[in-house]
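Grab a pencil and open the viewer: here is a short set of exercises, each with a worked solution. Try each task yourself before you read on.

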Amino acid sequence: MPEAIISPSVLASNFGELSAECKRMIKNGADWLHMDVMDGHFVPNITMGAPILSCVKKDVPGIFMDCHMMVADPERWVNDIAAAGGSLYCFHYEATMDHLCLINKIKHAGMKAGIAISPDTPSTAITDEIGNAADMLLVMTVQPGQGGQKFRQECVPKIRELRARFPDKDIEVDGGVTPGTVSCCADAGSNVIVAGTAIFRADDPEKTISGFRKAVNEAQVRLQSGKMLG
């Protein structure tokens, strides 16, 4: 399985100090920063776009921006996000009909390509062809578009099903992940952990990030041991 990656969601940060918040997370051990881009169409809320990402990139040159594109027309924004310094462009399965074409466009723009599924979308919607073409698969464990929602346990089996088909793929989980829910996600096979409130508002973010990483690493040991015994 791929290595543990912790990607704090800036949706829970102080937007008035966004660059400083990103630096704070990196200092505390974050690998990526999860940038929630919402357009007010695919989801009700509006958050940030390429101009803000560009400013963050200038202030934090080494940042890996994990751009979660909750937008109705994901093809439209690929070049803008790439120019702004986006590292990974993750679009929603539900937002387009030509997934493979969009994955190719993202890669051509110099970014990694991710594809997300909302809670009501089955993991089987990600065909082997789509899954193999993408760099990352994202399983939402809340409805996209609003931070602070309660974790939906019924989404976890989708992580397990995807991990069985894509053993070497980065599989991200996003939505209501806390120190109390991260282990079940990791045990199902997620190696990329997104958390907003649980990290940004923690008394000790470094300890929280370290705890998430430990949960993934320990789950991977258990999963590997199970394969060896099997």
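## Exercise 1: Ser-7 and its surroundings

Ser-7 is found in strand β1. Keep in mind that we're working with a predicted model.

**Task.** Work out whether Ser-7 is buried or exposed, and find which residues Ser-7 touches beyond four places in sequence.

**Solution.**
- Step 1: check the accessibility. Ser-7 has 0% relative accessibility, and the cut-off for buried is under 20%, so Ser-7 counts as buried.
- Step 2: list the contacts. Leaving out residues up to four places away in sequence, Ser-7 touches Trp-32, Leu-33, His-34, Asp-66, Glu-172, Ile-193, Val-194 and Ala-195.
- Step 3: look for a polar partner. The side chains of Ser-7 and Asp-66 are joined by a polar contact of 3.0 Å.
- Step 4: look across to strand β8. There, Val-194 stands opposite Ser-7.

## Exercise 2: Laying out the sheet

**Task.** Write down the strand order of the open sheet, then say which strands stand at its edges.

**Solution.**
- Step 1: trace the order. The 8 strands run β1-β8-β7-β6-β5-β4-β3-β2, and the pairing is parallel.
- Step 2: find the ends. β1 (5–8) and β2 (33–38) each have a single partner strand, so one side of each is left without a neighbour in the sheet.
- Step 3: add the twist. On average, neighbouring strands of this sheet are turned by 25° against each other, direction ignored.
- Step 4: zoom in on β8 (residues 192–195). β1 is joined to β8 by 4 bridges, and Ile-5 stands opposite Val-192. Strand β7 (residues 170–174) is joined to β8 by 3 bridges, and Asp-174 stands opposite Val-194.
- Step 5: check where the β8 side chains go. In a regular strand, side chains alternate between the two faces of the sheet. In β8, Val-192 and Val-194 point one way while Ile-193 and Ala-195 point the other way, and all are buried.## Exercise 3: A strand inside the sheet

**Task.** Say how many residues of strand β5 are buried, and find which residue of β5 Phe-91 stands opposite.

**Solution.**
- Step 1: count the buried positions. In β5 (residues 112–117), 5 of the 6 residues are buried, so this strand is largely enclosed by the rest of the structure.
- Step 2: look at the pairing with β4 (residues 88–92). The two strands run parallel and are joined by 5 bridges.
- Step 3: pick out the partner. Phe-91 stands opposite Ile-115.

## Exercise 4: The nonpolar cores

**Task.** Find which residues touch the most other members of the largest nonpolar core.

**Solution.**
- Step 1: recall the background. In soluble globular proteins, nonpolar side chains tend to be buried together.
- Step 2: go to the largest core. Among its 61 residues, Leu-33 and Leu-53 touch the most other members.
- Step 3: see where the core's residues come from. Helix α9 (residues 205–229) supplies the largest share, 5 residues.
- Step 4: list the contacts of Leu-53. Not counting residues up to four places away in sequence, these are Met-35, Val-37, Met-48, Met-65, Cys-67, Ile-81 and Ala-84.
- Step 5: don't miss the other one. A second, separate core has 11 residues, including Ile-5, Trp-32, Phe-64 and Leu-88.
- Step 6: place helix α2 (residues 50–59). This helix lies across β2 and β3 (65–70), and runs at about 175° to β3.

## Exercise 5: The aromatic pair

**Task.** Search the whole structure: how many aromatic pairs turn up, and which parts of the chain are tied together?

**Solution.**
- Step 1: do the search. You get 1 aromatic pair.
- Step 2: describe the geometry. Trp-32 and Phe-64 are stacked, at 4.4 Å centre to centre with 15° between the planes.
- Step 3: locate the partners. Trp-32 is in the loop between α1 (18–27) and β2, and Phe-64 is in the loop between α2 and β3, so the pair ties together parts that are 32 residues apart in sequence.
- Step 4: check burial. Both Trp-32 and Phe-64 are buried.

## Exercise 6: Two loop residues

**Task.** For Asn-28 and then for Gly-16, decide: buried or exposed?

**Solution.**
- Step 1: start with Asn-28, in the loop between α1 and β2. Its relative accessible area is 16%, so Asn-28 is buried.
- Step 2: see what packs against Asn-28. Leaving aside neighbours within four places in sequence, Asn-28 is in contact with Pro-205, Glu-206 and Ile-209. A polar atom of the Asn-28 side chain lies 3.4 Å from the backbone nitrogen of Glu-206.
- Step 3: move to Gly-16, in the loop between β1 and α1. With 65% relative accessibility, Gly-16 counts as exposed.
- Step 4: take one distance. The C-alpha atoms of Gly-16 and Ile-52 are separated by 11 Å, with these positions 36 residues apart along the chain counted as the sequence separation.

Note on methods:
Residues are numbered from 1 along each chain as its sequence is written. This is a predicted model: local features need pLDDT of at least 70, side-chain atom pairs count only at pLDDT 80 or more; totals for chains, interfaces and linings use all residues. Side-chain values use heavy atoms; hydrogens and water are left out. A nonpolar core is a set of buried Ala, Val, Leu, Ile, Met, Phe, Trp, Tyr and Cys residues joined through side-chain atoms within 4.5 Å. Buried means under 20% relative accessible area, exposed over 50%, partly exposed in between (1.4 Å probe, protein chains only). Contact means heavy atoms within 4.5 Å. Two strands pair if DSSP finds at least two bridges between them. Axes are lines fitted to C-alpha atoms, for helices over the stretch in contact, and angles run from 0 to 180 degrees between N-to-C directions. A polar contact is a pair of N or O atoms within 3.5 Å; within protein, one must be able to donate a hydrogen and the other to accept it, and residues adjacent in sequence count only if both atoms are side-chain atoms. Rings of Phe, Tyr and Trp (its six-membered ring) pair if their centres lie within 6.5 Å; planes under 30 degrees apart count as stacked, over 60 as edge-to-face and the rest as tilted.
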